[in-house]
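Here are a few short exercises to work through with the structure open. Try each one yourself before reading the solution.

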Amino acid sequence: KAWREMLHRYLASVVGVMILAIAVQAFLARRERGPSMDDATRQIGLPLLLVGLVAIQGLLGKWTVTLLLRPAVVTLHLLGGMALVAALSWLVARHAGLQGGQASLLRGVRPWVLVSVVLLAIQIALGGWVSTNYAALVCADFPTCHGAWMPDMDIASGFHVLRDLGQTADGSPLSGEALNAIQWLHRAGALVTLAAILTMCFRVSRVRVLRPLGNAILFLLGCQIALGITNVVASLPLAAAVAHNGVAALLLAAVTMLNFAVRSPSMVSR
């Protein structure tokens with residue numbers, strides 16, 4: 001376990017240095033050639049945001065250890081990492097000059113992309129809450145939970161944020177009903193997110209230039225669903241659990257880049 005923790009810290013340090021280098025490069029380009037809305041290399045706002053996110057991640061990583069894996073802190077640490085993925089994806093899309101095609105074709109796509117981004121972020125947060133509360137295996141069956149479509153649940157205790165690991169707000173042991181609520185809401189959120197992203201991809205398929213990105217999102221979505229089911233029926237194998245997190249990050253990156261594209265229409269008719 002010690003070497004894994006050290007490897008995590010070293011990789012985090014490398015990422016931090018690379019993001020700091022991006023910010024320095026953007027600052028130097030801006031100072032040499034002046035600010036420009038048309039030149040992505042001279043825009044400093046997003047690189048500075050990335051530096052701020054890295055600093056917050058460092059603090060959350062420290063508090064994860066010192067506060068003994070408190071669920072709220074560990075979940076925020078996960079969400080901070082996902083925020084870095086989203087911001088870096090936006091930066092990549094901006095530097096690549098990603099465009100979404102004709103503006104008139106994008107009006108019906110933009111709302112669904114935005115809804116999908118929001119729902120995906122909420123679903124990732126729910127997944128993080130499942131992981132940090134060790135609720136992944138509370139329902140060993142699928143698609144039901146303890147043989148019921150809606151098991152006994154204690155949502156108030158399960159989703160009370162300011163509490164210690166495995167305890168309620170008053171210090172009592174967290175009940176099975178509370179863990180049921182955490183797992184069940186993650187599953188319900190998956191269905192809502194699935195419906196939104198499928199609808200988004202259907203609309204994206206009508207815009208030829210965005211079709212490859214939409215197909216990639218559909219592929220990642222299928223992988224994510226398969227991994228989530230595998231985690232339940234195979235009792236959380238380590239490889240599937242890690243891949244579930246990784247594919248979530250890739251899915252967020254792809255939807256973020258799509259969000260950038262639909263807000264950057266091309267003047268060329270598609």
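**Exercise 1. Find the handedness of the link between C139 and C145, then check its geometry and surroundings.**

Solution. Keep in mind that this is a predicted model.
- Start with the torsion: the link of C139 and C145 has -45° about the S-S bond, making it left-handed.
- Next, the distance: the two sulfurs of C139 and C145 sit 1.8 Å apart. The cut-off for a disulfide is 2.5 Å between sulfur atoms, so the pair passes.
- Then the surroundings: C139 has 1% relative accessibility, so it counts as buried. C145 comes out at 2%, so it is buried too.

**Exercise 2. Work out what C201 and C223 are doing, given the distance between their sulfurs.**

Solution.
- C201 takes part in no disulfide, and its nearest cysteine sulfur, on C223, is 13 Å off.
- Turn it around: C223 is also in no disulfide, with the sulfur of C201 as its nearest at 13 Å.
- Now accessibility. C201 has a relative accessible area of 6%, so it is buried. C223, at 25%, counts as partly exposed.
- To close the cysteine bookkeeping, a search of the whole structure turns up one disulfide.

**Exercise 3. Compare the expected and actual spans of helix 3 and helix 8.**

Solution.
- Helix 3 covers residues 71–96, which is 26 residues. At 1.5 Å a residue it should span 38 Å, and its end C-alpha atoms are 37 Å apart, so the two agree.
- Helix 8 covers residues 211–233, or 23 residues. The expected span is 33 Å and the end C-alpha atoms are 33 Å apart, so that agrees as well.
- Look just past the ends: helix 3 is followed by G97, with a positive phi near 65°, and helix 8 by S235, with a positive phi near 60°.

**Exercise 4. Which residues of helix 8 are buried, and what covers them?**

Solution.
- List the buried ones: G214, I217, L220, L221, Q224, L227, N231 and V232.
- Then look at the cover, which includes helix 7 (176–204) and helix 9 (238–262).

**Exercise 5. Describe the nonpolar surface patch that contains L28.**

Solution.
- The members are L20, V24, F27 and L28, and together they have about 350 Å² of accessible area.
- Place L28: it lies in helix 1, residues 2–33.
- Check its exposure: at 33% relative accessibility, L28 counts as partly exposed.

Terms used. Residues are numbered from 1 along each chain as its sequence is written. This is a predicted model: local features need pLDDT of at least 70, side-chain atom pairs count only at pLDDT 80 or more; totals for chains, interfaces and linings use all residues. Side-chain values use heavy atoms; hydrogens and water are left out. Helices (H or I, at least four residues) and strands (E, at least two) are DSSP runs, numbered from the N terminus. The expected span of a helix is 1.5 Å times one less than its number of residues. Buried means under 20% relative accessible area, exposed over 50%, partly exposed in between (1.4 Å probe, protein chains only). Contact means heavy atoms within 4.5 Å. Patches are made of residues with over 30% relative accessible area and no salt bridge: like charges are joined within 9 Å, nonpolar side chains (Val, Leu, Ile, Met, Phe, Trp, Tyr) within 5 Å. Accessible areas come from the Shrake-Rupley method with a 1.4 Å probe; for residues, only the protein chains shown count as cover. A salt bridge is a side-chain nitrogen of Lys or Arg within 4 Å of a carboxyl oxygen of Asp or Glu.
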